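Work through the exercises below with the sequence and the model open. Try each task before reading its solution.

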Amino acid sequence: MERPVKSIHGEWTSRWAFILAATGSAVGLGNIWKFPYITGENGGGAFVIVYLACIAIIGIPLMMSEILIGRRGRQNPINTLATIAKEENRSPHWRWLGAMGVLTGFLILSYYSVIAGQAMAYVPRAFAGVFEGVTADGAISIHKAIVSDPERLLAWHTLFMLMTMAVVVRGVQKGLEKSVRIIMPLLFIILLMLVAYGFNTGAPFHQSVDFLFATDFSKLTHTGVLTAMGHAFFTLSLGMGAIMVYGSYLPQKTSILKVSVTIALMDTTVALLAGLAIFPLVFANGLEPGAGPSLIFETLPIAFGHMAGGQWFGGFFFMLLVFAAWSSGISLVEPIVVWLVEIRDITRLRATVYAGSIIWLLGLLTIFSFNIGMTWTLFGMTMFELLDYLTANIMLPLGGLLIAIFAGWTMKRSSTVDELGMGDGWLYSVWRTLARYITPFAIVIIFANLIGVLN
Ligand code: TRP
């Protein structure tokens, strides 16, 4: 297998195009829907600290590793890993790491799309003024009505999958670049408005800042630590090859360090803003911080229902959230499609239809978890909870561990120096030490901790 100099699927037009697309992938439901609710479930501050530490120590170096691997291999994750492994005289079995990534993409998108569908269901409701003057109980019952109806969830899930597939068919470089450029700043502005609204609640705002930033490690369980780490992977789209594939479209001269830090900063800012927007509403309305996946759907309507122009802001907010989820969903299918195109030699259209149909079908498991299948549990988790736990807490960190080992140990020093293009100075050494020792060690410790090996 020769290493291609360019991906057959094209290249980004500039460094900014890549940053936008990768930020589009990173910023999504993970930041606005998931981060606040898992923070609420895990007691706040200490969880947030572990999450931030994981972003800095594991996330950024790993993002650099994924991009450098992707850019060197320039193919789907499976072939990329196989090609580089061969070039480095290592085992071709590394391809299985790519295969696990592709599988993870299938599983994540299947539930991601259903949640994005719920956000979509809120768009017409917000614009129609359904949230006008809504109480906490009212917001809860609006959300219940949506999730308890499998047909409604299915309709929105189907729509979201079709939207995602429509972009992927045309190739991500074309549509994505322009849309993200507009969506991200707008989303940022509405989030700031929501934070300002929360700020005006007075005491609940201070309570939220305390909740998010006062570290009380006694509240943090082993599972909480794992969830914080898993979320660092999830929110940065790491551990499954999505960023690797985006990296394969990256022009050769771009600085991998700069783009990685930029993306991580933007992603983290959005998550923290979402937390500061949501918790004041939680505390001001006597809601339960640990309410779970329904948290944003039960809190944000209250804010929109009581602020001037809330009808419009609410409608736009949920629309932007759907767009953010869209640009993330795209990055979850892209590796699968690229793989099908390269391996099976079929058209992009066909590959997208195959992948999309399977994901759509898998989505039924999540849909039913909220209604008729609420009692179908395994290990005490519903199908949705199980998919989420398995992918975010196990498969992504495991993928990340192996990617770090691949970049740090399997690839020769000279290859990574060459690909990262930041010379062989102390900065490079910091990356290499993190990739070789710190990242794998941290992941292994957290896994071991969970299964109780260390006690
Ligand atoms: N990062 C996205 C979010 O926070 C979700 C996502 C997109 C993702 N692509 C991914 C998660 C790849 C893991 C792997 O919403």
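The exercises go from the whole chain to single residues. The model is predicted: local features need pLDDT of at least 70, side-chain atom pairs count only at pLDDT 80 or more, and totals for chains, interfaces and linings use all residues. Residues are numbered from 1 along each chain as its sequence is written, and side-chain values use heavy atoms, with hydrogens and water left out.

**Exercise 1. The whole chain**

Task: State how many helices and strands the chain has, and compare its radius of gyration with that of a compact globule.

Solution:
- Step 1. The chain holds 18 helices and two strands. Helices (H or I, at least four residues) and strands (E, at least two) are DSSP runs, numbered from the N terminus.
- Step 2. The radius of gyration is taken over C-alpha atoms, and the globule rule is 2.2 Å times the number of residues to the power 0.38. For 455 residues the rule gives a value near 23 Å; the chain has 21 Å, which agrees.
- Step 3. The C-alpha trace spans about 65 × 50 × 40 Å along its principal axes.
- Step 4. Of the 455 residues, 62% count as buried. Buried means under 20% relative accessible area, exposed over 50%, and partly exposed in between (1.4 Å probe, protein chains only).
- Step 5. Among contacts with a separation of 6 or more, 83% come from residues 24 or more positions apart. Contact means heavy atoms within 4.5 Å.

**Exercise 2. Helix α17**

Task: List the buried residues of helix α17 and the elements they pack against.

Solution:
- Step 1. In α17 (residues 413-420), the buried residues are Ser-415, Thr-416, Val-417, Glu-419 and Leu-420.
- Step 2. These buried residues pack against α3 (45-73), α12 (256-284), α16 (383-410) and α18 (426-450).
- Step 3. Gly-421, just after α17, has a positive phi of about 65°.

**Exercise 3. Two residues with positive phi**

Task: For Arg-74 and Phe-379, decide whether each is buried or exposed, and locate each one.

Solution:
- Step 1. Most residues other than glycine have a negative phi.
- Step 2. Arg-74 is not a glycine, yet its phi is positive, at about 60°. Arg-74 sits in the loop between α3 and α4 and is buried, with a relative accessible area of 2%.
- Step 3. Phe-379, also not a glycine, has a positive phi of about 50°. Its loop connects β1 (377-378) and β2 (381-382), and at 73% relative accessibility Phe-379 counts as exposed.

**Exercise 4. Polar contacts of two buried residues**

Task: Find the side-chain partners of Glu-334 and Thr-83.

Solution:
- Step 1. A polar contact is a pair of N or O atoms within 3.5 Å; within protein, one must be able to donate a hydrogen and the other to accept it, and residues adjacent in sequence count only if both atoms are side-chain atoms.
- Step 2. Glu-334 belongs to helix α14 (residues 310-344) and is buried, at 0% relative accessible area. Its side chain makes a polar contact of 2.7 Å with the side chain of Arg-348.
- Step 3. Leaving out residues up to four places away in sequence, Glu-334 touches Val-168, Val-172, Val-245, Tyr-246, Tyr-249 and Arg-348.
- Step 4. Thr-83, in helix α4 (residues 77-87), is buried at 1% relative accessibility. The side chains of Thr-83 and Gln-75 are joined by a polar contact of 3.2 Å.
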